[in-house]
Amino acid sequence: MSIRAIRNVLLVAVVFTPFAAQAAVTSVDLSTYQLAGQYTLNLVTAPKAWEASSVTWNPDNGHLYVIEDEGRRVYETTTTGQVLSSMTLSGFDDTEGLTYAGGGQFVLAEERIQSLYRFSYAAGTTLVRNPAQSVNLGSYVGNIGIEGVSFDPLTGGFITVKEKSPSEVNLASIDFGTSTGSLSSLFNPAALGVLDLADVQALSAIGSLVGTADGQNLLLLSQESGRLLEVDRSGTVLSMFDLTGLSSSIEGVTIDAEGNIYLVSEDLDSTSGINDPQLFVLKPQPVPVPAAMWLLASGLGALGAMVRRRRAA
C-alpha cells in the first residue's frame with residue numbers, strides 16, 4: 001500500500017470516528033450520564049426570569065423552549081441557554097408544563113386548574129388565554145395539580161404528571177378541536193419512592209428510539225427528591241440520575257435526538273434575592289469506537305514502518 005493510500009485510510013478514520021459518538025440515540029441508561037454543562041438562562045424581566053418551570057426540545061429547529069412558572073412568557077433558546085426570542089402570555093396564571101407536539105404546535109399545562117392549551121409559537125407576539133384551544137382535565141386542586149406534560153407519539157396522546165397528594169402518572173386522550181379529553185392512569189407512582197413529580201418526558205418523542213427497548217419508557221423528574229428516573233409504563237425503575245449535587249429546584253426535563261438531556265431550575269440568587277434560572281445539560285459518557293481506533297492505530301503503524309523502510313533504502 002502506498003503512503004498516499006494509507007493517508008487516505010487514516011483520513012477516513014479521523015473524520016468518521018467523532019461522528020460515531022454523536023449518532024442518533026438508540027438507548028437510554030441514566031447511569032451512564034454526566035453533567036456536561038451549566039448555563040444561566042438570561043431571560044428578560046427585572047433582570048432575570050421569575051421561574052423556569054419546564055423545557056421542551058423542538059426537533060424541527062434544534063432549539064429549546066422554556067416556560068415561566070407565573071404565566072408570563074415562553075422563551076426560545078439555544079441548547080446552551082442563549083435566548084433567541086420570546087412570546088408573551090396573557091391571562092395565564094400557573095404555567096408549569098410545556099411540550100412540543102409537532103407541526104409547529106406546543107402544548108402548555110396550567111397546574112391549578114388542570115388544563116392543557118395548544119398554541120403555535122410566534123416570536124414577539126402574545127398568546128391570550130381565552131381564545132386559545134384548551135381542554136380541562138380536572139377540577140381546581142391548588143398548587144398540587146398538573147406539573148408536567150409530554151407529547152406521546154406512541155399513543156397520539158399526552159403523558160401528564162400530577163405533582164402530589166397524591167402524585168399521578170396519566171395518559172391524556174385529547175381532542176383540542178372539541179375541547180374534550182380524558183385521563184387514564186398508567187401506574188401508581190407511590191412505589192417510586194419520591195416526594196413529588198415535577199415533569200415527564202416520553203421517550204417515544206425521539207424517532208430513533210421508536211421500536212427500541214427504551215422507546216416506550218418515560219423520564220420522570222422529582223424536584224423534592226432530586227432524582228431523574230427512567231421508568232417503563234408499568235412504573236418499574238430502569239435507571240436513575242442523582243440531581244442533588246446540581247440544584248434543589250430543578251423543575252423541567254427534555255431530551256434531544258442525540259440523547260442529551262436538558263434540565264431547567266428556578267434557582268434563587270442568594271445575594272440579589274432574584275430568581276436565577278439555570279440550564280443543566282447531561283450527556284451520556286463517550287462510547288469507544290474500537291474498530292475505528294484499531295484502524296487508526298494500524299494505519300499509523302503501517303505508515304511509520306513504510307517511512308522507516310524508505311529511509312533505510
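Below are some exercises on this structure, a predicted model, each with a worked solution.

**Exercise 1. Work out what kind of aromatic pair Phe92 and Tyr117 form, and where the two residues sit.**

Let's start with the wider picture: searching the whole structure turns up eight aromatic pairs. Now take Phe92 and Tyr117. Their ring centres are 5.1 Å apart, and the planes make an angle of 80 degrees. Angles over 60 degrees count as edge-to-face, and that is the label for this pair.

Next, find the two residues on the chain. Phe92 is in the loop between β5 (83-90) and β6 (95-102), while Tyr117 belongs to strand β8 (residues 115-120), so the pair ties together parts that are 25 residues apart in sequence. As for accessibility, Phe92 and Tyr117 are both buried.

**Exercise 2. Classify the ring pair of Phe151 and Phe158, and decide whether each residue is buried or exposed.**

Begin with the geometry. The ring centres of Phe151 and Phe158 are 5.4 Å apart and the planes meet at 55 degrees, so this pair is tilted.

Then check accessibility, where the cut-off for buried is under 20%. Phe151 has 18% relative accessibility, so it counts as buried. Phe158 has a relative accessible area of 5%, so it is buried too.

One more thing to look at while we're on rings: Tyr65, Tyr100, Phe106, Phe119 and Tyr121 are linked by ring pairs into a cluster.

**Exercise 3. Put the strands of the sheet that contains β7 in order, and find the ones at its edges.**

First, the order. This open sheet has four strands, arranged β6-β7-β8-β10, with antiparallel pairing. Now the edges: β6 and β10 (133-136) each have a single partner strand, so one side of each has no neighbour in the sheet. From one strand to the next, the twist averages 20 degrees.

Zoom in on the middle of the order. Strand β7 (residues 105-110) runs antiparallel to β8, and six bridges join them. Follow Leu108 across to β8 and you land on its bridge partner, Tyr117. That's the residue from Exercise 1, where Tyr117 paired with Phe92.

**Exercise 4. Do the same for the sheet that contains β12.**

The order here is β11-β12-β13-β14, again an open sheet of four strands with antiparallel pairing. β11 and β14 are the edge strands; each has a single partner, so one side of each is left without a neighbour in the sheet. Ignoring direction, neighbouring strands are turned by 30 degrees against each other on average.

For a detail, take β11 and strand β12 (residues 157-162): they run antiparallel and are joined by six bridges. Across this pairing, Ile146 stands opposite Lys162 in β12.

**Exercise 5. Describe the largest cavity: its volume, its lining and the strands that supply it.**

Rolling a probe the size of a water molecule over the atoms shows where empty space is left. In this model the count is one cavity of 30 Å³ or more, and the largest cavity holds about 30 Å³ of space.

Now go round its walls. The lining is made up of Val55, Thr56, Leu98, Thr99, Val149, Ser150, Val200, Gln201, Val253 and Thr254. Sort those by class and you get five nonpolar, five polar and no charged residues. Finally, trace them back to their strands: β2 (52-58), β6, β11 (146-152), β15 (199-202) and β19 (250-255) each give at least two residues.

**Exercise 6. Place Trp57, then describe the second largest pocket, which it helps to line.**

Trp57 is in strand β2. With 14% relative accessibility, Trp57 counts as buried. Its C-alpha atom is 9.6 Å from that of Ile261, although the two residues are 204 residues apart along the chain.

On to the pocket, which has a volume of about 150 Å³. Its lining has 15 residues, and Trp57, Pro59, Tyr100, Gln201 and Ala205 lie nearest the centre. The elements giving two or more residues are β2, β6, β11 and β19, and β6 gives the most, with four. By class, the lining has nine nonpolar, six polar and no charged residues.

**Exercise 7. Decide whether Asn188 is buried or exposed, and say where it lies.**

Asn188 is in the loop between β14 (180-187) and β15. At 59% relative accessibility, Asn188 counts as exposed. Its C-alpha atom is 9.3 Å from that of Asn170, which is 18 residues away along the chain.

Note on methods. Residues are numbered from 1 along each chain as its sequence is written. This is a predicted model: local features need pLDDT of at least 70, side-chain atom pairs count only at pLDDT 80 or more; totals for chains, interfaces and linings use all residues. Side-chain values use heavy atoms; hydrogens and water are left out. Rings of Phe, Tyr and Trp (its six-membered ring) pair if their centres lie within 6.5 Å; planes under 30 degrees apart count as stacked, over 60 as edge-to-face and the rest as tilted. Buried means under 20% relative accessible area, exposed over 50%, partly exposed in between (1.4 Å probe, protein chains only). On a 1 Å grid over the protein atoms alone, a cavity is a set of points where a 1.4 Å probe fits but cannot get out, and a pocket is an open set with protein on both sides within 12 Å along at least five of seven lines; lining residues have an atom within 4 Å of a point. Grid points are joined across faces, edges and corners, and a volume is the space filled by probe spheres set on the points. Ala, Val, Leu, Ile, Met, Phe, Trp, Tyr, Cys and Pro count as nonpolar, Asp, Glu, Lys and Arg as charged, and the others, Gly among them, as polar. Two strands pair if DSSP finds at least two bridges between them. Axes are lines fitted to C-alpha atoms, for helices over the stretch in contact, and angles run from 0 to 180 degrees between N-to-C directions.
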